[in-house]
Amino acid sequence: MASSISTIVMFVVLIALMYFMMIKPQKKQQQQHQKMLSELKPGDEITTIGGLHAVVSEIDTEKALVTLDCDGVYLDFSRNAIARVTKKAESEPAAAAAEEEKAPETEETTESESK
């Protein structure tokens, strides 16, 4: 009787260990991927599951399609075909402010180099 109880306990422990080591991390990874897809916007640089590197041009939420710009070639992919976002698109005000900050630095360095 005692050996059958210990066998059942070991089996339950093994299943619990398998859940915490395999199933739970996979669910967390799926949630992170879904979050990444929901935050996707035009201008983001992405990599598809096939290894194609492109920039998001348009997003069709009704059909769950993403139009990608690959050096002037526009391709439609399912949202689920996106493996990862390699670079987020900057918001327009932040990008304009960054360009304004870079321009004066360039002028100062050229003036100091010419002296």
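The exercises below work through a predicted model of one protein chain, each with a stepwise solution.

Residues are numbered from 1 along each chain as its sequence is written. Local features need pLDDT of at least 70 and side-chain atom pairs need pLDDT 80 or more, while totals for chains, interfaces and linings use all residues, and side-chain values use heavy atoms, without hydrogens or water.

**Exercise 1. Overall layout**

Task: State how many helices and strands the chain has, and give their pattern along the sequence.

Solution.
- Step 1. Take helices (H or I, at least four residues) and strands (E, at least two) as DSSP runs, numbered from the N terminus.
- Step 2. The tally is 2 helices and 5 strands.
- Step 3. Read along the sequence, the pattern is α-β-β-β-β-β-α.
- Step 4. Turn to burial: buried means under 20% relative accessible area, exposed over 50%, partly exposed in between (1.4 Å probe, protein chains only). Buried residues make up 15% of the 115 residues.
- Step 5. Now contacts, meaning heavy atoms within 4.5 Å. Of the contacts with a separation of 6 or more, 41% join residues 24 or more positions apart.

**Exercise 2. The nonpolar core**

Task: Find which residues form the largest nonpolar core, and which elements give two or more residues to it.

Solution.
- Step 1. Define the core as a set of buried Ala, Val, Leu, Ile, Met, Phe, Trp, Tyr and Cys residues joined through side-chain atoms within 4.5 Å.
- Step 2. The largest such core has 10 residues: Met36, Leu37, Leu40, Ile46, Ala54, Val56, Val66, Leu68, Cys70 and Ile82.
- Step 3. Two or more residues each come from H1, strand E2 (53-60) and strand E3 (65-70). E3 gives the largest share, 3 residues.
- Step 4. Check one member. Beyond its neighbours within four places in sequence, Leu37 contacts Arg79, Asn80 and Ile82.
- Step 5. Set this in context: in soluble globular proteins, nonpolar side chains tend to be buried together.

**Exercise 3. A nonpolar patch on the surface**

Task: Identify which residues make the nonpolar surface patch, then place Ile23.

Solution.
- Step 1. Patch residues have over 30% relative accessible area and no salt bridge (a side-chain nitrogen of Lys or Arg within 4 Å of a carboxyl oxygen of Asp or Glu). Nonpolar side chains (Val, Leu, Ile, Met, Phe, Trp, Tyr) are joined within 5 Å, like charges within 9 Å.
- Step 2. Leu17, Met18, Tyr19, Phe20, Met21, Met22 and Ile23 make a patch of about 730 Å².
- Step 3. Ile23 sits in helix H1 (residues 2-38). Ile23 counts as partly exposed because its relative accessibility is 35%.

**Exercise 4. Two polar side-chain pairs**

Task: Compare the settings of Thr47 and Asp76: which is buried and which is exposed?

Solution.
- Step 1. Thr47 lies in strand E1 (residues 45-48). Its relative accessibility is 3%, so Thr47 is buried.
- Step 2. Apply the polar contact rule: a pair of N or O atoms within 3.5 Å; within protein, one must be able to donate a hydrogen and the other to accept it, and residues adjacent in sequence count only if both atoms are side-chain atoms. The side chains of Thr47 and His53 meet it at 3.2 Å.
- Step 3. Asp76 lies in strand E4. At 53% relative accessibility, Asp76 is exposed.
- Step 4. The side chains of Asp76 and Thr67 form a polar contact of 2.7 Å. Leaving aside neighbours within four places, Asp76 touches Val66 and Thr67.

**Exercise 5. Positive phi**

Task: Say where Ala64 and Asp71 lie, given their positive phi.

Solution.
- Step 1. Recall that most residues other than glycine have a negative phi.
- Step 2. Ala64 has phi near 60 degrees. Ala64 is in the loop between E2 and E3.
- Step 3. Asp71 has phi of about 55 degrees. Asp71 is in the loop between E3 and strand E4 (73-78).
- Step 4. Add accessibility. Ala64 is partly exposed at 32%, and Asp71 is exposed at 83%.

Definitions and conventions. Areas by Shrake-Rupley, 256 points an atom, 1.4 Å probe, with all protein chains shown as cover.
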